[in-house]
Amino acid sequence: MKLERHSKIVELIGKYEVETQDELAERLKDAGFQVTQATISRDIRELRLTKVQAGNGRQRYMVMQDPGSLNDKYIRVLRDGYLSMDMAQNILVVKTVSGMAMAVAAALDAMGFYEIVGCIAGDDTIMCAVRSVDDTIVVMDKIRKLISQ
């Protein structure tokens, strides 16, 4: 049960901008988990969640990265290789510098975006299977924000 709850928490904070323990508890209850504030607090510690600045100026929970943040390295690879992107329904097509598609696809996979099911890369093109058309728009927005940081 704990493993399922932890998995659901990681999914929820990846999908929504969860700002408070109360909001997290509500989302877990909506998903069928009965939790107390003490359980939420313990789960946050065990999962090493931290609050980070969200795009709207507010704070949200995220999984804390290890020291030397690999995420920074993935963002650098994304920035260095990225040229453009477009969507075809729930497929996100990312164009990269020649020879960089596999590295950028690996970076996208490693970032753990909930919306992305998986990526396939060629030499300069990546096709990402995304959960829905709406999620594709969300992912494109996340990538734009990462590129412009």
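**Figure 1. Helix 6 lies across a sheet.** Helix 6 (residues 133-148) stretches over strand 3, strand 4, strand 5 and strand 6, and runs at about 170° to strand 3. This is a predicted model, so local features need pLDDT of at least 70 and side-chain atom pairs count only at pLDDT 80 or more, while totals for chains, interfaces and linings use all residues. Residues are numbered from 1 along each chain as its sequence is written, and side-chain values use heavy atoms, with hydrogens and water left out. Helices (H or I, at least four residues) and strands (E, at least two) are DSSP runs, numbered from the N terminus. The angles come from axes, which are lines fitted to C-alpha atoms (for helices, over the stretch in contact), and they run from 0 to 180 degrees between N-to-C directions.

**Figure 2. Helix 6 has a buried side.** From its first C-alpha to its last, helix 6 reaches 23 Å with its 16 residues, close to the 22 Å expected at 1.5 Å a residue (the expected span is 1.5 Å times one less than the number of residues). Asp 135, Thr 136, Val 139, Met 140, Ile 143 and Leu 146 are buried here. They sit on the same side of helix 6, because they cover an arc of only 145° around the axis; the arc is that of the directions from the helix axis to the C-beta atoms. Turned away from that buried side is a face with the exposed residues Asp 134 and Ser 148. Buried means under 20% relative accessible area, exposed over 50%, and partly exposed in between (1.4 Å probe, protein chains only). An α-helix has 3.6 residues a turn, so residues three or four places apart point the same way.

**Figure 3. Four strands make an open sheet.** Read across the sheet, the strand order is 3-4-6-5, and the pairing is antiparallel. Strand 3 (82-88) and strand 5 (116-121) are at the edges with a single partner strand each, so one side of each has no neighbour in the sheet. On average, neighbouring strands are turned by 20° against each other, direction ignored. Helix 5 (residues 101-111) packs on this sheet too, touching strand 4, strand 5 and strand 6, and its direction makes about 170° with that of strand 5. Two strands pair if DSSP finds at least two bridges between them.

**Figure 4. Strand 4 has a partner on each side.** Six bridges join strand 4 to strand 3, and five join strand 4 (residues 91-96) to strand 6 (residues 125-130). Which residue of strand 4 is the bridge partner of Tyr 82? Thr 96 is the one. Towards strand 6, Leu 92 is partnered by Cys 128, and Val 93 by Met 127. In a regular strand the side chains alternate between the two faces of the sheet. That shows up here: Leu 92, Val 94 and Thr 96 point to one face and are buried, while Ile 91, Val 93 and Lys 95 point to the other and are not.

**Figure 5. Two hairpins link strands of the sheet.** Strand 3 and strand 4 form one with two residues between them, and Gln 89 in the turn has a positive phi of about 60°. Strand 5 and strand 6 form a hairpin with three residues between them. Five bridges join strand 5 to strand 6, and Ile 120 stands opposite Met 127 in strand 6.

**Figure 6. Ser 98 meets Asp 123.** Ser 98 is in the loop between strand 4 and helix 5. It counts as exposed because its relative accessibility is 56%. Asp 123 is 25 residues away from Ser 98 in sequence, but their C-alpha atoms are 5.9 Å apart in space. Their side chains are joined by a polar contact of 2.9 Å. For a polar contact, a pair of N or O atoms lies within 3.5 Å; within protein, one must be able to donate a hydrogen and the other to accept it, and residues adjacent in sequence count only if both atoms are side-chain atoms. Leaving aside neighbours within four places in sequence, Ser 98 is in contact with Asp 123 and Asp 124, where contact means heavy atoms within 4.5 Å.

**Figure 7. Glu 115 is tucked into a loop.** Is Glu 115, in the loop between helix 5 and strand 5, buried or exposed? Glu 115 counts as buried because its relative accessible area is 1%. Its side chain makes a polar contact of 3.0 Å with that of Lys 142. Not counting residues up to four places away in sequence, Glu 115 touches several others, including Gly 14, Ala 129, Asp 135 and Val 139.
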